[in-house]
Amino acid sequence: RQSFVRLRPFAQFVLSELTRRRVEAGVEDVSVHQEILGAQVSYQGVGGLVALDRSFSPASRVGLRVEYEKVDLDVGAGESDLAGVQVQWDYRIAERITAYVRGGARRS
């Protein structure tokens, strides 16, 4: 069994007609009932992200996302940092069909 609580408020800013920025901050708490010792770990995390989206046409958009989170594990291993960056290109083929290419990296 597991209980999971996440609070992640955000704000979105319109910088221009074609550019938007999104800022998120968040906390999460995951508690695990450990029936098998060492199989799952409870943790708490605090972090956030900044995203920047730019439209180049009504059908094409590129987004950049940078994130960071500090995770405190309950197993005595201390804290761990998670950092990542992601780039995504979206292309709307039809009204209900979208294709995208996403690349990025995360390190913890």
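**Entry 1: the pairing of E3 and E4.** I looked up Val 27 and found that its bridge partner in E4 is Val 46. I note that the model I am reading is a predicted one. I then followed the two strands as a pair: E3 and strand E4, the latter covering residues 43–55, run antiparallel and are paired over 12 bridges.

**Entry 2: the other partners of E3.** Which strands besides E4 pair with E3? I recorded strand E1, residues 2–7, which is joined to E3 (residues 19–32) by six bridges in the antiparallel sense. Within that pairing I located Phe 4, which stands opposite Val 30 in E3. I also recorded strand E2, residues 10–14, whose antiparallel pairing with E3 extends over five bridges. There I found Gln 12, with Arg 22 as its bridge partner in E3. How many residues form the hairpin connection from E2 to E3? I counted four residues in that hairpin. As a general reminder, I wrote down that side chains in a regular strand alternate between the two faces of the sheet.

**Entry 3: Gly 104.** I turned to strand E7, residues 97–107, and found Gly 104 in it. Is Gly 104 buried or exposed? Gly 104 counts as exposed because its relative accessibility is 62%, and the cut-off for that class is over 50%. Setting aside neighbours within four places in sequence, I listed Val 85 and Gln 86 as the residues in contact with Gly 104. I also checked Arg 65, which lies 39 residues from Gly 104 along the chain; the two C-alpha atoms are 9.0 Å apart.

**Entry 4: the whole chain.** I found seven strands and zero helices in the protein. Read from the N terminus, the order of elements is β-β-β-β-β-β-β. I noted a radius of gyration of 18 Å, well over the 13 Å that the globule rule gives for 108 residues, so the protein is more spread out than a compact globule. The C-alpha trace spans about 55 × 25 × 20 Å along its principal axes.

**Entry 5: contacts, surface and charge.** Of the contacts between residues at least 6 apart in sequence, I recorded that 38% join residues at least 24 apart. Buried residues account for 19% of the 108 residues. The protein exposes about 8000 Å², and I noted that carbon and sulfur atoms supply 55% of that area. Lastly, I looked up the charges: there are 15 positive and 14 negative ones, and their mean positions are 8 Å apart.

Conventions
Residues are numbered from 1 along each chain as its sequence is written. This is a predicted model: local features need pLDDT of at least 70, side-chain atom pairs count only at pLDDT 80 or more; totals for chains, interfaces and linings use all residues. Side-chain values use heavy atoms; hydrogens and water are left out. The radius of gyration is taken over C-alpha atoms; the globule rule is 2.2 Å times the number of residues to the power 0.38. Buried means under 20% relative accessible area, exposed over 50%, partly exposed in between (1.4 Å probe, protein chains only). Contact means heavy atoms within 4.5 Å. Accessible areas come from the Shrake-Rupley method with a 1.4 Å probe; for residues, only the protein chains shown count as cover. Lys and Arg count as positive and Asp and Glu as negative; His and the chain ends are not counted. The place of a charge is taken as NZ of Lys, CZ of Arg, CG of Asp or CD of Glu. Two strands pair if DSSP finds at least two bridges between them.
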